[in-house]
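Dear colleague,

Please find below the structure we agreed to pass on to you. A summary of the findings follows it.

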Amino acid sequence: MTVRFFHTSDWHLGQFFYNHSRHYEHEQFLAWLLEQIKIKQPHALLIAGDIFDVINPSSQAQKQLYQFLADAHDLAPQMQTLMIAGNHDSGYRIEQVEPLLEKYNAKTVGVIRWNEDKSLDLDRLILPIYDEQKQIVAWCIALPFLRSAEITGFNENTTNSQNAIAYLHQHLIAEAKRRKTDDQALILMSHAHMQGGEASDSERPIIIGNEEALSTTLFDDEIDYVALGHLHKPQKVGQDHIRYSGSPIPLSFSEIHYKHQVLEVTINPTKTENQVEFEAIAIPRAIQLHKIKGELNDVMQRLKNLPQGVIECIDHREYVDIEYHTATPPQPNLRQQFEDALPKDRYRLVRISRQYLSNETNAETESKVNLEPPTPEKLFQQIWEKKGYSIDDGVSKDFLSLVAEAQKKLEDDQIV
């Protein structure tokens with residue numbers, strides 16, 4: 001039996017980009033995805049975490065998701081939507097709307113749940129995928145972002161995070177293999193940072209038990225496809241069938257050249273060759289990003305040479321990031337000069353940074369004027385270095401572990 005599904009992740013609905021809403025860009029992506037669903041009629045849509053950008057998404061962002069699910073169900077009633085929580089999501093929050101999701105043939109796995117006897121709640125984590133005749137064509141192991149508090153201390157196999165992660169994968173894969181037949185595919189969906197994956201500067205580091213990246217050795221050879229979320233660049237990790245779909249829009253200027261896509265995956269376990277086939281469907285970019293860097297005069301000229309043409313709606317205008325190199329202090333009206341150089345009513349200048357070139361030492365240091373709030377990691381680094389200490393991997397991992405614990409406590413408090 002053949003199963004066809006879309007693999008996507010890291011939507012980050014509700015994101016603000018240097019205080020500018022991405023709502024329009026997400027609307028354009030979701031409208032495009034609905035058209036693909038209408039044309040392709042897949043058996044399933046897999047969304048591998050970071051559905052929302054923050055654990056308390058706005059009502060507008062939540063409405064955007066649920067309206068999409070309703071529209072997708074109208075266009076492809078047989079299609080199942082399977083979602084997992086990422087590190088940006090509140091797993092409890094996205095599970096609270098299960099009755100609504102059932103109306104749209106959708107399921108979500110937000111947290112790892114255990115039975116009273118300390119055994120795993122397997123039926124919530126191993127999900128069947130059906131074809132048009134309601135026959136099971138695949139099984140999907142759905143692993144949300146693994147928080148230490150949700151996976152440790154339940155039995156002798158979960159005494160620490162590393163043991164618990166290994167136990168979860170081994171136990172779930174073994175049970176899924178027991179349930180499946182030879183003509184059914186086995187899929188694993190996970191939100192994690194895998195060793196060998198290429199990250200951008202917009203991804204929040206994941207620290208689990210002082211380990212940032214997990215090994216692909218966790219995945220059994222009998223798994224036909226691993227659908228990953230967290231890293232925003234589309235990429236395979238080690239083997240062809242272990243893949244990140246990537247984010248649908250660029251979430252930072254470092255992602256300008258990413259080829260954003262949705263993966264269409266077809267699996268036929270009964271074939272002797274090419275059992276798994278992939279098609280990367282390119283996502284059109286609704287709003288362009290421009291990073292302009294160089295000497296001051298060169299930057300000014302390049303700004304003037306950008307495409308002309310008024311874009312009436314401010315929320316639809318293109319983003320500009322400037323990094324200029326200079327050996328002299330900035331002029332007080334420099335930002336206005338940049339604004340004046342840009343073609344009128346088409347762009348949003350969201351960031352200016354300066355790379356200061358010292359004539360005396362020929363050393364280069366960066367002085368940045370950043371229009372978005374600093375992250376906890378950056379604040380910690382600044383304070384730590386002011387005290388005269390150096391940042392090493394151990395210190396960074398310890399701090400990020402504390403941040404993760406604090407974030408988990410905030411989520412728990414909200415639930416109570």
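In which loop is proline 329 found? The loop in question lies between strand E16 (318-326) and helix H9 (334-341). Please note that the model is a predicted one.

To stay with this residue for a moment, proline 329 has a relative accessibility of 62% and therefore counts as exposed, the cut-off being over 50%. Leaving aside residues up to four places away in sequence, proline 329 touches Arg354 and Tyr356. The second of these contacts spans 27 residues along the chain, and the C-alpha atoms of proline 329 and tyrosine 356 are separated by 8.1 Å.

Regarding the chain as a whole, the protein chain contains 11 helices and 18 strands. It has 416 residues, and buried residues make up 51% of them. Among the contacts with a separation of 6 or more, 71% are between residues 24 or more positions apart. The accessible surface comes to about 19,800 Å², and carbon and sulfur atoms account for 48% of that area.

One sheet deserves a description of its own. This open sheet is formed by 6 strands in the order E7-E8-E9-E10-E12-E11, with mixed pairing. Strand E7 (126-130) and strand E11 (235-237) stand at the edges; each has a single partner strand, so one side of each is left without a neighbour in the sheet. On average, neighbouring strands of this sheet are turned by 30 degrees against each other, direction ignored.

Within the sheet, strand E8 (residues 136-143) and strand E9 (residues 185-191) run parallel and are joined by 6 bridges. Isoleucine 141, for example, has leucine 188 in E9 as its bridge partner. Helix H7 (residues 161-179) packs on the sheet, where it touches E7, E8 and E9. The direction of helix H7 makes about 170 degrees with that of E8.

Finally, a remark on confidence. The mean pLDDT of the protein chain is 88, and 87% of its residues reach 70 or more. Over residues 360-367, however, the pLDDT is below 50. This stretch has 14 contacts in the model beyond near neighbours in sequence. Where pLDDT is low, the predicted coordinates should not be read in detail.

With kind regards

How values were computed: Residues are numbered from 1 along each chain as its sequence is written. This is a predicted model: local features need pLDDT of at least 70, side-chain atom pairs count only at pLDDT 80 or more; totals for chains, interfaces and linings use all residues. Side-chain values use heavy atoms; hydrogens and water are left out. Two strands pair if DSSP finds at least two bridges between them. Helices (H or I, at least four residues) and strands (E, at least two) are DSSP runs, numbered from the N terminus. Axes are lines fitted to C-alpha atoms, for helices over the stretch in contact, and angles run from 0 to 180 degrees between N-to-C directions. Contact means heavy atoms within 4.5 Å. pLDDT is the predictor's confidence in each residue, from 0 to 100. Buried means under 20% relative accessible area, exposed over 50%, partly exposed in between (1.4 Å probe, protein chains only). Accessible areas come from the Shrake-Rupley method with a 1.4 Å probe; for residues, only the protein chains shown count as cover.
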